[in-house]
Amino acid sequence: MDQTRSPASRRPIRRAAIAELASIRQSLRIHRPGIICDPALTTYPAIDAICQDAIWTHHEFQPNPSPEAIHSSATEFRRVDIDAVIAIGGGSSIDFAKALAAHVGTGERLTSLLDSGFGGQQALPIIAVPTTIGTGSEATTFAALYDRGLKRSLDDPSLLPKAVILDHLLTARLPATQAADSALDALCQSIESLWSIGATPASMRYARRAARCTLRCIESAVAGDTTARRAMLHAAHYAGRAINLSKTTAAHALAYPLTIRFGVPHGLAVATWLPVMLEFNSGLTRNNCAAPIHFETLRSNVIEATSTLAPTAKQAAARFRALVRRLGRPATLAELAINPEAALQAVAESADPHRMGNNPRLITPDDLPALVQSAHHSP
Ligand SMILES: [Zn+2]
């Protein structure tokens, strides 16, 4: 087992095999954990054994969880008096587990935590076992919830998992489409993190590492190569650490409406916007900069983010879309069969304003029609 310390969080990140979960639980003094586990994962004998052994295991949840869904499953976890939550699965499982740990740990309703914060109260301890190759949620203090047609984020230091198990063997049965969508999410996170207004020297280091490694291994990882899946799982973890510091930007902000309104998987929705934002952000000037005082730095960061893919924004956008298509996934709104007028209405009504405000170039409502047009039909 290889154990390192995250400079961002000063908490240990454990890269252990799933078989080491019991000793991790022991070291964290967790005796009565509740488990959130994607049902498909119980085909792994190691995970089945963990679920059989747990005080309570919850398998019934939908992607993109709502506060109501979490409140209704919390009753049983409260009845058995859990002292921690173990999340086994992709981004939705981990976000579900974080929200459950927040609700049960603080005793507050999630809408109140979303509106007013945690007020010093703590979520229950969380152990995260990601089984896709791109959520990054195991490395962040936030959890995405979908509340009445809007994406909102719980955000509190107590939501950062106390331990993370990165065991690539648990990704062996991940279907290629899910592997592609989650790995694309990690690539978008790392590129967005580089040009984010909230970027720090530490987030830039994590993001560079994640982007370089992802570009090297994404295609083999999606094809199922074991070594590449291991590398991709770690790259995704570093992309998560990067956005934990910098937060994501406009490609994520514009993606949530595609997931909410049209059911596009999260990573694929973000990948639809990333090339659009590569070209849009290349037009950054002092006048349209969202943080003019940092204009020189942001311009240089946009150039660096773009150059991870190609020398110019146009070439970078084309390389990114070509990669999406080689992974067997649709790269535009047209390829997703989404009508541009409907997409425009969705993004105008429900793009995430916080992530949008983190984009280096200001985006006004007047910019949206051209952005949607570019997302709809591009080479
Ligand atoms: Zn994402």
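**Exercise 1. Locate lysine 247, give its phi, and decide whether it is buried or exposed.**

Step 1. Lysine 247 sits in the loop that joins helix 8 to helix 9 (250-262). Helices (H or I, at least four residues) and strands (E, at least two) are DSSP runs, numbered from the N terminus. The model is a predicted one, in which local features need pLDDT of at least 70 and side-chain atom pairs count only at pLDDT 80 or more, while totals for chains, interfaces and linings use all residues. Residue numbers start from 1 along each chain as its sequence is written.

Step 2. The phi of lysine 247 is positive, about 65 degrees, although the residue is not a glycine.

Step 3. A residue is buried if 20 or more other C-beta atoms lie within 10 Å of its own, exposed if 12 or fewer, and partly exposed in between, with C-beta atoms placed from the backbone. Lysine 247 has 24 C-beta neighbours inside 10 Å and therefore counts as buried.

**Exercise 2. Do the same for aspartate 81: which loop holds it, what is its phi, and is it buried or exposed?**

Step 1. The loop between helix 3 and strand 5 (84-89) contains aspartate 81.

Step 2. Its position is just after helix 3, and its phi is positive, about 60 degrees. Aspartate 81 is a residue other than glycine.

Step 3. Aspartate 81 has 11 other C-beta atoms within 10 Å, so it is exposed.

**Exercise 3. Compare the expected and actual span of helix 3, find its kink, and state what covers its buried residues.**

Step 1. The expected span of a helix is 1.5 Å times one less than its number of residues. For the 13 residues of helix 3 (residues 67-79) this gives 18 Å. The end C-alpha atoms are 19 Å apart, which agrees.

Step 2. Helix 3 has a kink of about 30 degrees centred on serine 73. The bend at a residue is the angle between axes fitted to the seven residues ending there and the seven starting there.

Step 3. Pro67, Ile70, Ser73, Ala74 and Phe77 are the buried residues of helix 3. Their cover includes strand 3 (33-37), strand 4 (56-58), helix 4 (91-106), helix 5 (110-116) and strand 7 (142-147).

**Exercise 4. Check the span of helix 4 and say how many of its residues are buried.**

Step 1. At 1.5 Å a residue, the 16 residues of helix 4 should span 22 Å, and the end C-alpha atoms are 22 Å apart, which agrees.

Step 2. Of the 16 residues of helix 4, 16 are buried, so this helix is largely enclosed by the rest of the structure.

Step 3. Glycine 107 follows helix 4 and has a positive phi, near 75 degrees.

**Exercise 5. Place alanine 84 and isoleucine 126 by listing what they touch.**

Step 1. Alanine 84 lies in strand 5. With 24 other C-beta atoms within 10 Å, alanine 84 is buried.

Step 2. Two residues are in contact if their C-beta atoms, placed from the backbone, lie within 7 Å. Not counting residues up to four places away in sequence, alanine 84 touches Ile30, Pro33, Leu124, Pro125, Ile126 and Ile127.

Step 3. With the sequence exclusion of up to four places applied again, the contacts of isoleucine 126 are Ala84, Val85, Ala87, Ala97, Lys98, Ala101, Leu159, Pro161 and Lys162.

**Exercise 6. Describe the largest nonpolar core and explain where it lies relative to the domains.**

Step 1. A nonpolar core is a set of buried Ala, Val, Leu, Ile, Met, Phe, Trp, Tyr and Cys residues joined through C-beta atoms within 7 Å. The largest one has 120 residues, of which Val85, Leu100, Ile126, Ala183 and Met232 touch the most other members.

Step 2. Helix 8 (residues 226-246) contributes the most to this core, 11 residues.

Step 3. Domain 1 (2-170) and domain 2 (175-376) both give residues to the core, so it lies between them. The domain bounds come from an automatic or database domain assignment.

**Exercise 7. How far apart are the centres of domain 1 and domain 2, and how many residues of each are in contact?**

Step 1. Taken over C-alpha atoms, the two centres are separated by 25 Å.

Step 2. In the contact between the domains, 22 residues of domain 1 meet 31 residues of domain 2.

Step 3. The side of domain 1 that touches domain 2 has 7 nonpolar, 13 polar and 2 charged residues. Here Ala, Val, Leu, Ile, Met, Phe, Trp, Tyr, Cys and Pro count as nonpolar, Asp, Glu, Lys and Arg as charged, and the others, Gly among them, as polar.
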